[in-house]
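Could you walk me through this structure, one selection at a time? I have the viewer open and would like to know what to click on next and what I'll find there.

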Amino acid sequence: MSQKWWQKGLRFQCQGSGNCCLSRGEYGFVYLSKGDKKALAKHLDMDEIDFLKKYCDQSDGIHHLKERAEQDECMFLKENKCSVYSARPTQCRTWPFWPENMNAKSWKKDVKTFCPGVGRGPHVPAHKIEMDLTTQALCDKELGL
Ligand code: SF4
């Protein structure tokens with residue numbers, strides 16, 4: 001099996017910038033899997049239909065979180081912190097180890113520029129990166145992304 005460029009792990013530690021909660025270029029909407037919708041509705045003690053009406057929009061038939069008008073930031077971002085952290089969607093949990101980020105060029109250029117956590121803190125081991133990648137790939141597949 002060929003070695004991955006991140007086989008020895010990658011340094012990443014969240015710096016609390018909130019950048020990953022802003023819509024920017026390819027890092028656009030926070031799409032929601034079935035499990036994400038259920039978990040968020042439960043966390044907010046809401047009926048799922050009411051949750052979808054209040055907090056979600058759809059693009060090409062796929063639900064995603066609404067953004068605050070004009071700020072392009074997630075409605076759940078409060079004072080630069082996630083207000084639904086324990087129930088945050090898959091996409092938020094797996095950042096920055098998304099399939100589209102895991103080539104050396106994107107990682108060093110796009111992801112590093114966008115996210116100040118890249119290159120900081122201890123090494124995240126390859127097995128944890130692999131786990132996040134698999135989780136995100138399954139989520140993308142469910143949503144047809
Ligand atoms: S749900 Fe939380 S972590 Fe995800 S984009 Fe919104 S504020 Fe950020």
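Here is a tour in a handful of stops.

**Stop 1: colour by confidence.** Keep in mind that this is a predicted model. The chain has a mean pLDDT of 92, with 96% of its residues at 70 or more. Now pick out the two extremes: strand E4 (residues 67–68) has the lowest confidence, at a mean of 86, and helix H1 (residues 34–43) the highest, at 98.

**Stop 2: the core.** Select Cys20, Val30, Leu65, Cys74, Phe97, Cys115 and Val118 and show their side chains. These residues have the most contacts inside the largest nonpolar core, which counts 21 residues. Strand E1 (10–12) and helix H2 (48–55) each put at least two residues into this core. As a rule, nonpolar side chains in soluble globular proteins tend to be buried together.

**Stop 3: helix H5.** Select residues 126–143. This helix is 18 residues long and spans 26 Å from its first C-alpha to its last, close to the 26 Å expected at 1.5 Å a residue. Which residues of H5 are buried? They are Ile129, Gln136 and Cys139. Look down the axis of H5 and you'll see its buried residues fall within an arc of 95°, so they line one face of the helix. The general background is that an α-helix has 3.6 residues a turn, so residues three or four places apart point the same way.

Next, find what those buried residues of H5 pack against: E1, helix H3 (90–94) and strand E8 (118–124). Then spin the view round to the face of H5 turned away from the buried side, where you'll meet the exposed residues His127, Leu138 and Lys141. Before leaving, click on Gly144, just after H5, which takes a positive phi of about 75°.

**Stop 4: the E2–E3 hairpin.** Select residues 56–59 and 62–65. These are strands E2 and E3, which run antiparallel and are joined by 4 bridges. Two pairings to check: Ser59 stands opposite Ile62 in E3, and Gln58 has His63 in E3 as its bridge partner. There are 2 residues between the strands of this hairpin, and Asp60 in the turn has a positive phi of about 50°.

**Stop 5: Glu48.** Go to helix H2, where Glu48 is found. Is Glu48 buried or partly exposed? Glu48 is partly exposed, because 13 other C-beta atoms lie within 10 Å. Leaving out residues up to four places away in sequence, Glu48 touches Lys37, Lys38 and Ala41. For a distance check, draw a line from Glu48 to Phe76: they are 28 residues apart along the chain, and their C-alpha atoms are separated by 17 Å.

**Stop 6: two serines in one loop.** Ser17 is in the loop between E1 and H1, and so is Ser23. Ser17 is partly exposed, with 13 other C-beta atoms within 10 Å. Ser23 also counts as partly exposed, with 15 C-beta neighbours inside 10 Å.

Now draw a C-alpha to C-alpha line from each. Ser17 and Glu100 are 83 residues apart in sequence and 21 Å apart in space. Ser23 and Glu67 are 44 residues apart in sequence and 8.2 Å apart in space. Glu67 is also one of the residues that Ser23 touches, the others being Gly28, Phe29 and Asp72, when residues up to four places away in sequence are not counted.

Methods: Residues are numbered from 1 along each chain as its sequence is written. This is a predicted model: local features need pLDDT of at least 70, side-chain atom pairs count only at pLDDT 80 or more; totals for chains, interfaces and linings use all residues. A nonpolar core is a set of buried Ala, Val, Leu, Ile, Met, Phe, Trp, Tyr and Cys residues joined through C-beta atoms within 7 Å. A residue is buried if 20 or more other C-beta atoms lie within 10 Å of its own, exposed if 12 or fewer, and partly exposed in between; C-beta atoms are placed from the backbone. The expected span of a helix is 1.5 Å times one less than its number of residues. The arc is that of the directions from the helix axis to the C-beta atoms. Two residues are in contact if their C-beta atoms, placed from the backbone, lie within 7 Å. Two strands pair if DSSP finds at least two bridges between them. pLDDT is the predictor's confidence in each residue, from 0 to 100.
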